[in-house]
Structure formats: C-alpha cells, structure tokens
Amino acid sequence: AEEVGGGDKEVVREYFNNSGFQRWRKIYGETDEVNRVQKDIRLGHSQTVENVLKMLKDEGSLEGVSVCDAGCGTGCLAIPLAKEGAAVYASDISAAMVAEAEKQAKEQLQAGSEKEVVMPKFEVKDLESLNGKYDTVVCLDVLIHYPQSKADGMIAHLASLAENRLLLSFAPKTFYYDLLKRVGELFPGPSKATRAYLHAEADVERALKKVGWKIRKRGLITTQFYFARLIEAIPA
Ligand code: SAM
C-alpha cells in the first residue's frame, strides 16, 4: 500500500517536519538530551560524514568544487563541505530541516571564522525535482525512507545531476536482523507511520549500471545501532 500514489514521500515529508524533525535534530546535534541508542546512532552517522569527507578529499581539494547535498537534514555534511571551500547547494524535502540547517550554518560558518567561507545555498525541495549540474552529488541516509522500486528512480535522477561522482549511503540488507531490532526505536509510535527500507548493494549497483555508472569506492560504517553502506559511483 505504501507505494500507491507516491504516498511514502508525503508521509516522509510530514514526519521530518514534525516528530522526525525533533528526533533527528537531537541526534544530529550535540546536546546531552539523547538516550543511549540515539547517542550510538549519532556516533555512527558522524563516522559516515567523516568517511564522505575523506573519500571526497582523497581525489583532491574541494576548493571551488560544486557539491549538491540532496536531503541535507540539519546540515551535518553541508557545513563541513563549505569549510573545505566547496560551493555547496543543499536541499531537503522538509522545511523544518532546511531552517535548522541554515541556522546551524550561520552559527558555525559566520561566527568569528578566521577565513571567509561561502555559505551553502539552502532550498526546500525534494530531490526528485532538483535540476542543474554539479561536480559532485551526495545523498546520505535518505534512501532508507524509500523502497527499492522508488530508490531506482532517485538514484538515476541523482546521477543525472552529477558530472563526476555520486556518493550514496544506505542501510544494507545484510544487516536486516540487526536493523529490525532498532526499527522500533527509530520510528516509534503506534502506527509506525514511517518505516525503514533496507537496500541490497546489488540492487543499488544495478540501478547505477542502468544509467551508465559504476561503483569506484565502498565503505561500511557500523556501530551497535547504525549500519550504513557508503558508495562512491562514477560514470562507467
Ligand atoms: N543527509 C542528512 C544527513 O546525513 O545528515 C539527513 C539524513 S535524515 C535520516 C533523512 C533526510 O532526508 C531528512 O532530512 C528528510 O527530510 C530528507 N528526505 C527524505 N525524503 C526526501 C526526498 N524525497 N527529497 C529530499 N529530501 C528527503
């Protein structure tokens, strides 16, 4: 039923503008008001961000490189990318998330910074309606909200925006049983209005191949409650 009429996307938008926003703002923030599980997810996610920055910088300086951060959340990646000198375009389906990311960027990038940094350009937009061309496109921990049937189209669209590389992270299907344990914690509430979808690496690879892309680098980030496969794809 969740695939009828694009229902998933509306549910996801609603979640990330309300209870999901409150929850993830805490997890992605720095305050102590997180429980043990949330603290663990915070740690895993920060490792994903570090891995992404490393993968990107391994290929050379980010100074002046255009990067699209699709589904930017509170700006955990967009802000450090701007500090590296990248020209960042960051967007998210949730207006609440974008407002928080903008606030964080102002606090972290403007307040007494030694060197002049270019602010990311933020916009409320679902990734399906993004257009333009970027050197690099990054989409972290977003596919978990969509079934593979939708993820295929999202991956194809993201690849069409990228000139040189596309970085994606997703919850790999191999961790199914471990993930099951934390799904209840991730999406609490009687209706489980949003659910977590796992993706097989082979399916992601196939979706990339269909549009002429191949995987160049792979990373795996695991903590007790956080599992992410990180891939960097390039035109084949
Ligand atoms: N990428 C960020 C990070 O890693 O810090 C945020 C990850 S958070 C788990 C998922 C984010 O994806 C939320 O901010 C949500 O609003 C956003 N999102 C979900 N579906 C989206 C879509 N179709 N287009 C753009 N953003 C979307």
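The largest pocket is lined by 22 residues, and those nearest its centre are Y28, G29, E30, Q104 and Q108. The model is a predicted one. About 510 Å³ of space lies in this pocket. Four elements give two or more residues to the pocket lining: α2, α3, α4 (78-83) and α5 (95-110). By class, the pocket lining holds six nonpolar, eight polar and eight charged residues.

Next comes the cavity. How many cavities of 30 Å³ or more are there? The count comes to one. The largest cavity has a volume of about 550 Å³. Its lining consists of 38 residues. Closest to the cavity centre are Y28, L140, D141, V142 and H145. Several elements give two or more residues to this lining. Among them are the helices α1, α2 (19-28), α3 (36-58) and α7 (176-186). The strands β1 (66-70), β2 (87-92) and β7 (227-235) also give two or more residues each. The cavity lining divides into 25 nonpolar, six polar and seven charged residues.

Y28 appears in both places. Y28 is listed among the residues nearest the centre of the largest pocket, and Y28 is also listed among those closest to the centre of the largest cavity. Helices α2 and α3 likewise give two or more residues to the pocket lining and two or more to the cavity lining.

Where does the ligand sit? The ligand sits in the largest cavity. A shell of 22 residues surrounds the ligand, and the closest are H45, G71, D92, L140 and Y146. L140 is also one of the residues closest to the cavity centre. Helix α1 (residues 7-17) supplies the largest share of the shell, with three residues. The shell has 11 nonpolar, five polar and six charged residues.

The table gives distances from ligand nitrogen to protein atoms.

| Residue | Protein atom | Distance to a ligand nitrogen atom |
|---|---|---|
| G71 | backbone N or O | 2.6 Å |
| L127 | polar backbone atom | 2.8 Å |
| Y146 | side-chain N or O | 2.6 Å |

How much of the ligand does the protein bury? Taken alone, the ligand exposes 600 Å², and the protein buries 99% of that. Both G71 and Y146 are also named among the residues closest to the ligand.

Key
Residues are numbered from 1 along each chain as its sequence is written. This is a predicted model: local features need pLDDT of at least 70, side-chain atom pairs count only at pLDDT 80 or more; totals for chains, interfaces and linings use all residues. Side-chain values use heavy atoms; hydrogens and water are left out. A residue is near a molecule or strand if one of its heavy atoms lies within 4 Å of it. A polar contact is a pair of N or O atoms within 3.5 Å; within protein, one must be able to donate a hydrogen and the other to accept it, and residues adjacent in sequence count only if both atoms are side-chain atoms. Accessible areas come from the Shrake-Rupley method with a 1.4 Å probe; for residues, only the protein chains shown count as cover. On a 1 Å grid over the protein atoms alone, a cavity is a set of points where a 1.4 Å probe fits but cannot get out, and a pocket is an open set with protein on both sides within 12 Å along at least five of seven lines; lining residues have an atom within 4 Å of a point. A molecule sits in a cavity or pocket if more than half of its atoms lie within 2 Å of its grid points. Ala, Val, Leu, Ile, Met, Phe, Trp, Tyr, Cys and Pro count as nonpolar, Asp, Glu, Lys and Arg as charged, and the others, Gly among them, as polar. Grid points are joined across faces, edges and corners, and a volume is the space filled by probe spheres set on the points.
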